[in-house]
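Subject: Structure handover

Hello,

Here is the structure for you to take over. Please open it first, then read the notes below.

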Amino acid sequence: MKTETTTDKIRKRFIKDIYVNREYSWLLFNKRVLDQSQDLTNPLLERCKFLSIFSSNLDEFFMVRVGSLYNENLSEPEEKDNKTGLTAAKQMEGICQAVRKYYSDRNSCYNSLRRELSKNGIKLLRAEELTPRQTEECRNIFTSHVLPLLSIMVLDAKHPLMQFENMKNYMLYDIERDGRRMIGVMAVSATLDRLYRVGGGEKVRLIPLEELVRAFGHLAFIGYTVKGSMLMRVTRNADFDTHIDDCDIERDFSQIMKKRVESRARLNVVRLETDGGNAKLQNFVLGLLRLDPQFCFTGGRIFDYKFLFSIGKFLPPERVAPLRYPSFKGAVADELAMSPSLIDTVFDRDVFLSYPYDSMSPLVDLLEQCSRDSRVRSIQITIYRLASHSRIAELLCRASENGKQVTVVIELCARFDEENNMYFAGKLQEAGCTIIYGMENYKVHSKILSVLLVDGEEIRYITHLGTGNYNESTSKQYTDLNIITSDERIGRDAVAFFRNIAICNTDYEYDRLLVAPETLKSGLIELMDREIKKGKDGYILAKMNSLTDRAIIDKLAEASCAGVTVELIVRGICCLLPGVPGKTENIRVVSIVGRFLEHSRVYSFGRGDDRIMYISSADLMTRNTDKRVEIAAPVLDPKIADRIAGILKVMLSDNVKARKLCSDGKYRRVETLGEPVDAQAYLLRAARTKDK
């Protein structure tokens, strides 16, 4: 008889009938990210990046999702998840059990990558591995470049207990002087380099900052005897309330948000990480923080792996190239590159861009032309996340300075981008743009650009609708779909959309667009009902980042029971369990984690001439369908619809990066039938061919 493992018990806790707990499903997604760090089809330095991404994802998960559960447990302890019936406390308990195994897996991955890096001439040193010569050199590095930037303190009667900052490393010391035992605290500055080169020669030897502090940090406590030490880091709750009273017109919302962002540093601790070096110090910190030991994770020598991104800078280009993905630049179709007027090109036909395979430059160039074209009267845009150096923002400022009426709906509640957005809001306002911070207490997550032109006696429209942000940086890393159209009905919808944002009106039925929170979910359910009526001839094909909305899940299950074929490409969270006999047996779910972050959302119903397809900014999550302002736009051009369908077909054929969600809740490799298919690699090759 097979013994049930801890992993099996955790899985059973988080799965009920056809439903998977949201938090558990996210953890499974992040494990698929970690798996890429061990996937030999990825170049070595790219695998290092996946380990760093896994760790950054986990950090944000604790700050946001565990933070949210922490708040819920305080305010509504009896409230239960609507899919698996778990309270917030039970979810946090299960999360901590599951994550403990991930820490072990992460450490194993890092050790494996260290060995492979060493084989490729890159040695990551540990404190205890230093030779006498290296020890002396590293001591000099520490005393000259690190020690001056370290803040130290001894905790005693005259030095009160300190508040550990969020996501900052500290080295604690059990120290003694004149028979008195005290605690030494060393705060490691975030301004310090993460890697330091040791020695010269062909082989690159690097020592992480953490290892330098581990080896020589005791030198800071002159006159004390060090009895033990422990590296630690706390994670604080980042899920603060962004709800405001919209009747409060006397205060600038940006100033309210600035104060709330600053409050993150003082919110409750939801995780403690230590290197496990000293049980006495660990217990001291747990007591100081009044933290349940289940939220303490030990064993890792390093907590933040962002330094893995910078290893390549220590190597000459010819040695780096084989260890990274081949460089790639998004294609620009000849007809767009050679067009004397992109405005007139869009008047002639719809333009389709698929990032990162297609470049974002045609959209930026179009905006540049609109900023100076005398026919353009107004430009309106929604902004959720901008690049730190944004050409889009510069062009909006220029358009305003050129006399165009520019309205920017900028979301100040875009988590972890609040400060960047506040900065750009100020710059845009200085240039004369009209700034709107959102609509009531809904996040505006829509991706829409509306241009109104007067051509003779005629009013004309150009509308861009996309699945991703107006961000030049992420357009090279995220897969997103974009349509630029001069369709009049969509243009009128777009103008009405911005008018409704300005007057905080959600009660509006658009001609072509589906807009949350009013018509997006109901519109998609209506289209699913259309397929359900067809029975076995029905077909639903959808791609998204996450699926959590209970009403949508139940409707998909209903479609499956009616015989409808349902194919879902869900990168991250999927709260629907496919393949359950008599319930979801006609539903297939695959996830692709690869070189690019899959970010596009597509909702398609029916086949052939009967097909209705939308691209959208919205995932099928309750927060998107009910609590945000989102847009789903119809794909009107049959050729563009065919191109999108072709992209999805390639993804459904992937048998290299794809993982299939099975009825037992496990993700497994897709069976390889015939030649291996890596969807992203295939689309890259197709883009290169088109570019030539």
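Let me start with a pair of helices. Helix 2 (residues 22-36) packs with helix 4 (residues 88-119) at an angle of about 5°. Their axes are 11 Å apart. An angle under 35 degrees counts as roughly parallel, so helix 2 and helix 4 are roughly parallel to each other. Please keep in mind that this is a predicted model.

Which residues make this contact? From helix 2 come E23, L27, L28, K31 and L34. On the helix 4 side they meet Q91, I95, A98, V99, Y102, D105, R106 and C109. By class, the contact of helix 2 with helix 4 has eight nonpolar residues, one polar and four charged.

Next, a pocket.

The second largest pocket holds about 460 Å³ of space. It is lined by 19 residues. Closest to its centre are T7, R11, L28, K31 and Y102. L28 and K31 of helix 2, and Y102 of helix 4, also take part in the helix contact above. Four elements give two or more residues each to the lining: helix 1 (6-14), helix 2, helix 4 and strand 29 (667-669). The lining splits into nine charged, six nonpolar and four polar residues.

Now the sheets.

One open sheet has six strands, in the order 4-6-5-9-10-11. Its pairing is mixed. Strand 4 (151-155) and strand 11 (296-298) stand at the edges. Each has a single partner strand, so one side of each is left without a neighbour in the sheet. On average, neighbouring strands here are turned by 25° against each other, direction ignored.

Look at the strand 11 edge. Strand 10 (residues 269-274) and strand 11 run parallel, joined by three bridges. In one pairing, T274 has T298 in strand 11 as its bridge partner. Two helices pack on this sheet. Helix 3 (residues 44-75) touches strand 9 (225-236), strand 10 and strand 11. The direction of helix 3 makes about 145° with that of strand 10. Helix 6 (residues 209-216) touches strand 5 (170-177), strand 6 (180-187) and strand 9. The direction of helix 6 makes about 0° with that of strand 5.

Another open sheet has three strands, in the order 3-8-7, again with mixed pairing. What do strand 3 (122-124) and strand 7 (195-197) lack on one side? They stand at the edges with a single partner strand each, so one side of each is left without a neighbour in the sheet. Neighbouring strands of this sheet are turned by 30° against each other on average, direction ignored.

Strand 7 pairs with strand 8 (residues 204-208) over three bridges, in the antiparallel sense. There, L195 has P208 in strand 8 as its bridge partner. Helix 4 turns up again here: it packs on the sheet and touches strand 3 and strand 8. The direction of helix 4 makes about 145° with that of strand 3. Helix 6 also packs on this sheet, touching strand 7 and strand 8. Its direction makes about 70° with that of strand 8.

Further along the chain, look at strand 28 (residues 658-661). Three bridges join strand 28 to strand 23 (residues 587-592), and the two run antiparallel. V590 has K660 in strand 28 as its bridge partner. Strand 28 is also joined to strand 29 by three bridges, again antiparallel. In that pair, L661 stands opposite Y667 in strand 29. Strand 28 and strand 29 form a hairpin, with five residues between them. G665 sits in the turn and has a positive phi of about 90°. Strand 29 is the strand that helps to line the second largest pocket.

Last, some backbone details to check on screen:

- Y355 and P356 are joined by a cis peptide bond, with omega about -5°. P356 is in the loop between strand 12 (351-355) and helix 12 (361-372).
- A516 and P517 are joined by a cis peptide bond too, with omega about 15°. P517 lies in the loop between strand 20 (514-516) and helix 16 (520-534).
- R290 has a positive phi, near 55°, and is not a glycine. R290 is in the loop between helix 8 (279-289) and strand 11.

Over to you.

Best wishes

How values were computed:
Residues are numbered from 1 along each chain as its sequence is written. This is a predicted model: local features need pLDDT of at least 70, side-chain atom pairs count only at pLDDT 80 or more; totals for chains, interfaces and linings use all residues. Side-chain values use heavy atoms; hydrogens and water are left out. Axes are lines fitted to C-alpha atoms, for helices over the stretch in contact, and angles run from 0 to 180 degrees between N-to-C directions. Angles under 35 degrees count as roughly parallel, over 145 as roughly antiparallel, 65 to 115 as roughly perpendicular and the rest as oblique. Contact means heavy atoms within 4.5 Å. Ala, Val, Leu, Ile, Met, Phe, Trp, Tyr, Cys and Pro count as nonpolar, Asp, Glu, Lys and Arg as charged, and the others, Gly among them, as polar. On a 1 Å grid over the protein atoms alone, a cavity is a set of points where a 1.4 Å probe fits but cannot get out, and a pocket is an open set with protein on both sides within 12 Å along at least five of seven lines; lining residues have an atom within 4 Å of a point. Grid points are joined across faces, edges and corners, and a volume is the space filled by probe spheres set on the points. Two strands pair if DSSP finds at least two bridges between them.
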